[in-house]
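Reader: Could you take me through one part of this structure up close? I would like to follow the strands in the middle of the story and what surrounds them, starting from a single residue.

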Amino acid sequence: MEVRFQYLRPEELRARREECPVAYVPLGTLEWHGLHNPMGADGLQAEEIALRCASAGGVAFPSVYYGESRAGSLLETDPEYQEGIGKRLGIDSTLLREERFPFSGMEQIRHYQQHLIHIMAEAASYGFLLVVFVVGHYPLVDHARSAVLSYNQWAYDKKWRRIAGMALADFLLLRGKYDPAGDHAGGWETSHLLASHPQTVDLSLAVPELEYGVMSQLRPENATAQFGEEIYEAAVKEILKRVEDWRRNPEKYMSHGMLLGEEMS
């Protein structure tokens, strides 16, 4: 069953939207995730969750890998890791510095949020009634929330139907159910990738003597596909609960002070 927007023919897209008018948009980035994981780890995980959600109804839009701030909230921007990452990538670490980008950090934030607003408008133009931003790179959850609020503030008094939005990250949804929930390149994310994209992971590189830029209480070398499958499904279950809550109470996701998904009515 195909659920990816870009692969659907018009009649297939219409049928899925009429059954469930939800657009899942995976948000990732390109970032260091240790020697053992791929650079696109965040987007791959977000896309997997979005596809699993869409299989229960709705459509998965193309993943967003580009446009987030390259001046902050990335391991490559952290002075503690920048030189080491550059060395391991075989590049001059000065290439990773903020001054190498044509826009300031604040401008990049503004551009990214505008991009997400555009995606919401694009989903609305195809008749979808809810956008669910599925966040793989954790800092992007705040940008996505800002985009949802900004779009709906602009559209509040427009004649056309507005679109509701959620911004959801698995580590937020599963806090309290797993301790810890989420990490950077550790046992959590590596288990995800072993479950969905095992060909991208090399566990022989996930050993302490080679470890660099891993932030986790869960050791990456102890990651398993079984655990990855478990936490994927746990996150999907939580997202679908919120989508169902939106279907029962749509007005709560459209008014001033609207719900954004983490909390439910």
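Author: Happy to! A polar contact here is a pair of N or O atoms within 3.5 Å, where one must be able to donate a hydrogen and the other to accept it. Please keep in mind that this is a predicted model.

With that in hand, let's start at Thr29. The side chains of Thr29 and Glu68 are joined by a polar contact of 2.7 Å. Thr29 sits in the loop between strand 1 (22–27) and helix 2 (41–54). Is this loop residue buried or exposed? Thr29 counts as buried because its relative accessibility is 0%, and the cut-off for buried is under 20%. Its surroundings can be listed too: setting aside neighbours within four places in sequence, Thr29 is in contact with Met39, Gly40, Asp42, Gly43, Tyr65, Glu68, Arg70, Leu74 and His137.

Now step back from the loop into strand 1. Strand 1 runs parallel to strand 3, and six bridges join the two. One pair to find on your screen is Tyr24, which stands opposite Val132 in strand 3. Strand 3 (residues 130–135) also pairs with strand 4 (residues 164–169), again in the parallel sense and over six bridges. There, Leu130 stands opposite Ala164 of strand 4.

How many residues of strand 3 are buried? Six of its six residues are. Both faces of strand 3 are covered: one side carries Leu130, Val132 and Val134, the other Val131, Phe133 and Val135, and all of these are buried.

These strands lead us to the largest nonpolar core, which has 65 residues. Those touching the most other members are Tyr24, Leu27, Phe128, Val132, Phe133 and Ile239. Helix 8 (residues 225–248) gives this core its largest share, eight residues. Phe128 deserves a look of its own: leaving out residues up to four places away in sequence, Phe128 touches Phe5, Leu13, Arg17, Pro21, Val22, Ala23, Val59, Phe61, Ala123 and Ile163.

Helix 8 also brings us to a last stop, helix 7. Helix 7 (residues 187–196) is mostly covered, with nine of its 10 residues buried. The buried ones are Gly187, Trp188, Glu189, Thr190, Ser191, His192, Leu193, Leu194 and Ser196. Helix 2, helix 6 (170–173) and helix 8 are among what covers them. Helix 2 is a familiar name by now, as the loop holding Thr29 lies between strand 1 and helix 2.

Terms used: Residues numbered from 1 in each chain as written. Predicted model: local features only at pLDDT ≥ 70, side-chain atom pairs only at ≥ 80, totals over all residues. Heavy atoms only, no water. Helix = DSSP H or I, 4+ residues; strand = E, 2+ residues; numbered from the N terminus. Buried < 20%, exposed > 50% of the residue type's maximum accessible area, 1.4 Å probe, protein only. Contact = heavy atoms within 4.5 Å. Core = buried A, V, L, I, M, F, W, Y, C linked by side-chain atoms within 4.5 Å. Pairing = 2+ DSSP bridges.
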